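Open your viewer, get comfortable, and let us walk through this structure one selection at a time.

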Amino acid sequence: MKKIYLLLLLISIVACKEDLKIIDKPIEFGELREQLTLEYLESHYGIVQDSPIITPKMVVIHWTAIPTLEKSFGAFVNTKIGSHRTKINTASQLNVSSQFLVDLDGTIYRLMPENFMARHVIGLNHCAIGIENVGGTESTPLTEKQLEANIWLVTYLKKKYDIDYVIGHYEYTNFENHDLWLEKDNGYRTLKTDPGKDFLMKIKSATKELGFKEVPVKE
């Protein structure tokens, strides 16, 4: 039954491939955001450079836990993080962000240059492209259209960059002893469950032929 479902899903993706595209919907990324990004790279990863460009090695899948596109976009658009984000705003004034945002209907929005650092995953932002999905709550679950869009987008990114891993946000701490993990603050962690195991496993199954590496086993 699982194989039949994946086959039907792949057929659906191929059928709507021509309809899928990336729409630019930029968040603020001026001098201040660039400055805060460079400061984040140095303070959290020990990386000193003149531009916010990263070398992508992984794609991290998220959900926003916010029910609409505009409210989700509103969480990322400002340069500085809000005072209400008490669990993470002491680590940096740089707002959270992601390179991509996928609406409930599967529309893909690019929020910033794909190879600029976004703050979306502790310890790995220096090498990670983020895909945020609108919703992810009991009342607004992730959709089949979002699944199709994520699979299409992961495939697009793998073809464009030397991506080794596709992971769910909840898997990020599995990399704590990996060469890609550079976080200097040992007390800076948050517990994540997004984008849900079922959603992630469907993406991984559908992109298996792309040859992604297995996520490290957490020690």
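Begin by selecting F175: at 0% relative accessibility, this residue counts as buried. Keep in mind as you look around that the model is predicted.

Now add Y165 to the selection. Y165 is buried too, with a relative accessible area of 6%. The ring centres of Y165 and F175 lie 5.0 Å apart and the planes stand at 90°, so this pair is edge-to-face. The pair links distant parts of the chain: Y165 belongs to strand β6 (residues 165-168), while F175 sits in the loop between β6 and α5 (197-206), 10 residues apart.

How many aromatic pairs are there? The count comes to five. Another one to select is Y40 with Y45, also edge-to-face, with 5.8 Å from centre to centre and 70° between the planes. Both Y40 and Y45 are buried.

Next, switch to a cartoon view and find the sheet. Six strands make up an open sheet, in the order β1-β4-β3-β5-β2-β6, with mixed pairing. Its edge strands are β1 (22-24) and β6, each of which pairs on one side only. From one strand to the next, the twist averages 25°.

Start at the β1 edge. β1 runs parallel to strand β4 (residues 108-110), and three bridges join them. Select I22 and you will find its bridge partner in β4, I108.

Then move across to β2. Which residues of β2 are buried on its two faces? Select M58 and V60 on one side, then V59 and I61 on the other: all are buried, and both faces of β2 are covered. In general, side chains of a regular strand alternate between the two faces of the sheet.

Stay on V60 and look to either neighbouring strand. Its bridge partner in β5 is G130, and β2 pairs with β5 in the parallel sense over four bridges. V60 also stands opposite I167 in β6; β2 and β6 run parallel too, joined by four bridges.

Now bring in the helices. Helix α3 (residues 69-76) lies across β3 (100-102), β4 and β5 (128-133), and runs at about 160° to β3. Helix α4 (residues 144-160) packs on the sheet as well, touching β1, β2 (58-61), β3, β4, β5 and β6. The direction of α4 makes about 165° with that of β5.

For a last stop, select K25 and F73. The charged end of K25 sits over the ring of F73, 4.5 Å from the ring centre.

Conventions:
Residues are numbered from 1 along each chain as its sequence is written. This is a predicted model: local features need pLDDT of at least 70, side-chain atom pairs count only at pLDDT 80 or more; totals for chains, interfaces and linings use all residues. Side-chain values use heavy atoms; hydrogens and water are left out. Rings of Phe, Tyr and Trp (its six-membered ring) pair if their centres lie within 6.5 Å; planes under 30 degrees apart count as stacked, over 60 as edge-to-face and the rest as tilted. Buried means under 20% relative accessible area, exposed over 50%, partly exposed in between (1.4 Å probe, protein chains only). A charge sits over a ring if NZ of Lys or CZ of Arg is within 6 Å of the ring centre and within 35 degrees of the ring normal. Two strands pair if DSSP finds at least two bridges between them. Axes are lines fitted to C-alpha atoms, for helices over the stretch in contact, and angles run from 0 to 180 degrees between N-to-C directions. Contact means heavy atoms within 4.5 Å.
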